[in-house]
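Let's take a walk through this protein, starting with one spot on the chain and then stepping back for the wider view. Keep the model open beside you as you read.

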Amino acid sequence: MKLTPNNIQFIDNYLKNSEVIYYDIRMEMLDHVATAVEQKMEAENLDFYDAFKSYMVVNKKEILKGNKFWSIYSKDTILNFLKFLLHPIMILIGVSFYFFYKNIEVTNYFSEEFTIRNLFFVIMIFLAFLQLIYFHLILKQRFFVLEKLGGLLNIIYYLQMFLMNQHNDETPSILTLTIFSYILIAYVLYFAKEVYKFNTYKKQFVL
């Protein structure tokens, strides 16, 4: 017995009311619940509402365990980014940054009013602003897999504060510039990769 569009919408509304705020997680739950309810309707000859009620009484707690919204950080996102940092191409980019800073005195292109520290800060703010626009004006939905990238950017921001502002009266060392430039460009590339991957599979989330 196939569920009707109204049945599907009923399940979606139920999950929304259960505070499943991330659209991608909700769609995965919806697919799981809809399949289970269809099977219960056929096996026990029940109508939709009786089958749904009977299924959720037993399984609601287990299903809602996947509702991940309590933190801006995601362990999986952080670990995947760390693995991305160790990709051979990324390591080559990091080495290239080192030789770039070693052979070019970048501070000559900045002034006392606008230092390279200021540049990195502006880049961080710009990336945060772009993400805000993308998440809230383009997607118009909350997606766990993408939103947790904001937590990653937050970590990089604090790392920037630690690495770049320890001695405000000194120019950051070549190693410091290399490390932060490497992490920052890695984040931009990682974000682009995740957005591309998300858009590739986005159709499966369409209700």
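Where is the place of Asn45? Look in the loop between H2 and H3, and you'll find Asn45 there. Keep in mind that this is a predicted model. Asn45 is worth a stop for its backbone: Asn45 has a positive phi of about 55 degrees, although it is not a glycine. As a rule, most residues other than glycine have a negative phi. Asn45 is also exposed, with a relative accessible area of 68%. One loop back, between H1 and H2, sits Glu19. Glu19 too has a positive phi, about 65 degrees, and it is not a glycine either.

Now zoom out. The secondary structure of the protein comes to eight helices and zero strands. Going from the N terminus, the elements simply read α-α-α-α-α-α-α-α. The radius of gyration of the protein is 23 Å, well over the 17 Å that the globule rule gives for 207 residues, so the protein is more spread out than a compact globule. If you put a box around the C-alpha atoms along the principal axes, it comes out at roughly 75 × 35 × 25 Å.

What about inside and outside? Of the 207 residues in the protein, 37% are buried. The accessible surface adds up to about 13,100 Å², and 62% of that belongs to carbon and sulfur atoms. As for charge, the protein carries 20 positive and 19 negative side chains, and the centres of these two sets lie 3 Å apart.

Next, the interior. The largest nonpolar core has 54 residues, and the members that touch the most others are Ile11, Val37, Phe81 and Tyr187. The elements giving two or more residues to this core are H1, H2, H3, H4, H5, H6, H7 and H8. H8 gives the most, with 11 residues. To see what one of those well-connected members does, click on Val37: leaving aside neighbours within four places in sequence, Val37 is in contact with Leu3, Phe48, Ala51, Phe52 and Tyr55.

How do distant stretches of the chain meet? Take the contacts between residues at least 6 apart in sequence: 75% of them join residues at least 24 apart. Tyr101 and Ser181 make a handy example. Tyr101 lies in helix H5, while Ser181 is found in helix H8. These two are 80 residues apart in sequence, but 10 Å apart in space, C-alpha to C-alpha. Both are under the 20% cut-off for buried: Tyr101 has a relative accessible area of 10%, and Ser181 has one of 5%.

Their contact lists tie them together. Not counting residues up to four places away in sequence, Tyr101 touches Val106, Ile116, Phe120, Ile174, Leu177, Thr178 and Ser181. Seen from the other side, and with neighbours within four places again left out, Ser181 is in contact with Phe97, Tyr101 and Phe120. Phe120, then, turns up next to Tyr101 as well as Ser181.

For a last stop, go to Pro5, whose place is in helix H1. Pro5 is exposed, with a relative accessible area of 69%. Pro5 and Leu127 are 122 residues apart along the chain, and their C-alpha atoms are separated by 39 Å.

Note on methods
Residues are numbered from 1 along each chain as its sequence is written. This is a predicted model: local features need pLDDT of at least 70, side-chain atom pairs count only at pLDDT 80 or more; totals for chains, interfaces and linings use all residues. Side-chain values use heavy atoms; hydrogens and water are left out. Helices (H or I, at least four residues) and strands (E, at least two) are DSSP runs, numbered from the N terminus. The radius of gyration is taken over C-alpha atoms; the globule rule is 2.2 Å times the number of residues to the power 0.38. Buried means under 20% relative accessible area, exposed over 50%, partly exposed in between (1.4 Å probe, protein chains only). Contact means heavy atoms within 4.5 Å. Accessible areas come from the Shrake-Rupley method with a 1.4 Å probe; for residues, only the protein chains shown count as cover. Lys and Arg count as positive and Asp and Glu as negative; His and the chain ends are not counted. The place of a charge is taken as NZ of Lys, CZ of Arg, CG of Asp or CD of Glu. A nonpolar core is a set of buried Ala, Val, Leu, Ile, Met, Phe, Trp, Tyr and Cys residues joined through side-chain atoms within 4.5 Å.
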